[in-house]
Amino acid sequence: MFTVISESEADTVRFGEKIAAKLKKGDIIALTGDLGTGKTAFVKGLARGLGVAEYVTSPTFTLVQSYKGRDVSLHHFDVYRISDEEEMFEIGFNEYLYENDICVIEWADLIKNLIPPRAIWIHFERTEDGADKRRITVRGLKANDYTCFGYVGTGSVGGSGKGWLPYGRNNHQERKNPFAESYSDDPPVA
Ligand SMILES: Nc1ncnc2c1ncn2[C@@H]1O[C@H](COP(=O)(O)OP(=O)(O)OP(=O)(O)O)[C@@H](O)[C@H]1O
Ligand SMILES: [Mg+2]
């Protein structure tokens with residue numbers, strides 16, 4: 001598990017883009033968090049990272065919207081208005097999950113029984129200090145597999161990088177913010 005602090009919508013979009021670069025075909029990303037905490041902003045970044053050309057909006061009234069990316073399609077679900085899990089079977093949710101594309105689900109906690117255990121869970125929340133800050137907590141991505149996340153703890157997505165806690169054997173290294181634009185080299189795997 002690791003946590004980052006986003007300071008703006010653009011930060012959250014960039015974070016989605018960074019995550020996209022590390023995904024494998026068939027990955028499922030389950031998003032949770034209150035209204036307006038940045039789930040759709042994150043999906044916009046994910047789409048950009050996967051090479052989706054279309055404009056991404058929340059598919060609230062259709063439950064799912066699919067986009068063609070460079071190498072893989074992105075299926076974007078928003079289940080906020082779902083009344084019961086049965087509706088997901090009607091739209092063929094299971095087929096989407098096993099298509100070897102990327103599935104991302106907003107309000108995934110409302111259908112948590114239908115989310116496979118291999119899913120990556122990402123939680124979005126406001127922080128006390130400032131209207132534009134969001135705490136983003138990621139579960140299910142291993143730092144060793146996703147070396148750009150070879151840092152755990154609380155850090156800022158686009159800021160100075162102060163507050164990043166180096167991961168494992170990287171402790172002796174200079175602190176670097178893996179989300180800063182200038183960051184290019186992956187840290188060594190611990
Ligand atoms: N750090 C931030 N990250 C993301 N969005 C932010 C941030 N700071 C402010 N915002 C604003 O918060 C709102 C986030 O909206 P978004 O649609 O992404 O939320 P959401 O979690 O998908 O909400 P919903 O549950 O209604 O679908 C936007 O208006 C955006 O400008
Ligand atoms: Mg949304």
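**Exercise 1. Pairing around S6**

Find the residue in S7 that is the bridge partner of arginine 126.

*Solution.* Step 1: in S7, arginine 126 has arginine 134 as its bridge partner. Step 2: look at the strands as wholes; S6 (residues 120-126) and S7 (residues 134-139) are joined by six bridges and run antiparallel. Here strands (E, at least two residues) and helices (H or I, at least four) are DSSP runs, numbered from the N terminus. Two strands pair if DSSP finds at least two bridges between them.

A word on reading the model: it is predicted, so local features need pLDDT of at least 70 and side-chain atom pairs count only at pLDDT 80 or more, while totals for chains, interfaces and linings use all residues. Residues are numbered from 1 along each chain as its sequence is written, and chains are lettered from A and ligands numbered from 1 in the order in which they are written.

**Exercise 2. The strand S2**

Work out which strands pair with S2, and in which sense.

*Solution.* Step 1: S2 runs parallel to S5 (residues 102-106), and four bridges join them. Step 2: S2 also pairs with S6 in the parallel sense, again over four bridges. Step 3: check single residues. Alanine 30 stands opposite isoleucine 105 in S5 and opposite tryptophan 121 in S6. Isoleucine 29 stands opposite isoleucine 120 in S6. Step 4: ask how enclosed the strand is. Four of the five residues of S2 (residues 28-32) are buried, so S2 is largely enclosed by the rest of the structure. A residue is buried if 20 or more other C-beta atoms lie within 10 Å of its own, exposed if 12 or fewer, and partly exposed in between, with C-beta atoms placed from the backbone.

**Exercise 3. Two helices**

Check whether the span of H1 agrees with its number of residues, then describe what H1 and H2 pack against.

*Solution.* Step 1: the expected span is 1.5 Å times one less than the number of residues. For the twelve residues of H1 this should be 16 Å, and the end C-alpha atoms are 17 Å apart, which agrees. Step 2: the buried residues of H1 include Thr12, Phe15 and Ile19. The buried residues of H1 pack against strand S1 (2-6), H2 and S7. Step 3: H2 is mostly covered, with ten of its eleven residues buried; among them are Phe42, Val43 and Leu46. The buried residues of H2 pack against H1, S2, S3, strand S4 (73-78), S5 and S6. Step 4: after H2 comes glycine 51, with a positive phi near 80°.

**Exercise 4. The nonpolar core**

Name the element that gives the largest share of the largest nonpolar core.

*Solution.* Step 1: know the term. A nonpolar core is a set of buried Ala, Val, Leu, Ile, Met, Phe, Trp, Tyr and Cys residues joined through C-beta atoms within 7 Å. Step 2: of the 34 residues in the largest one, Leu31, Leu46, Leu50, Leu74, Val104 and Ile105 touch the most other members. Step 3: the elements giving two or more residues to this core are H1, S2, H2, S4, helix H4 (93-97), S5 and S6. Step 4: H2 provides the largest share, five residues.

**Exercise 5. Two residues with positive phi**

Is leucine 63 buried, exposed or partly exposed, and which of these words fits asparagine 100?

*Solution.* Step 1: leucine 63 is found in the loop between H2 and strand S3 (64-68). Step 2: leucine 63 is partly exposed, because 19 other C-beta atoms lie within 10 Å. Step 3: phi of leucine 63 is positive, near 70°, in a residue other than glycine. Step 4: not counting residues up to four places away in sequence, leucine 63 touches Phe77, Asp78, Val79 and Ile91 (contact: C-beta atoms, placed from the backbone, within 7 Å). Step 5: asparagine 100 lies in the loop between H4 and S5. Asparagine 100 is exposed, because it has 11 other C-beta atoms within 10 Å. Asparagine 100 is not a glycine either, yet its phi is positive, about 70°.

**Exercise 6. Around ligand 1**

How many residues surround ligand 1?

*Solution.* Step 1: 19 residues surround ligand 1, the closest being Thr12, Gly38, Lys39, Thr40 and Asp132 (a residue is near if its C-beta atom, placed from the backbone, lies within 6 Å). Step 2: the elements giving two or more residues to this shell are H1 (9-20) and H2 (39-49).

Technical notes. Contact = placed C-beta atoms within 7 Å.
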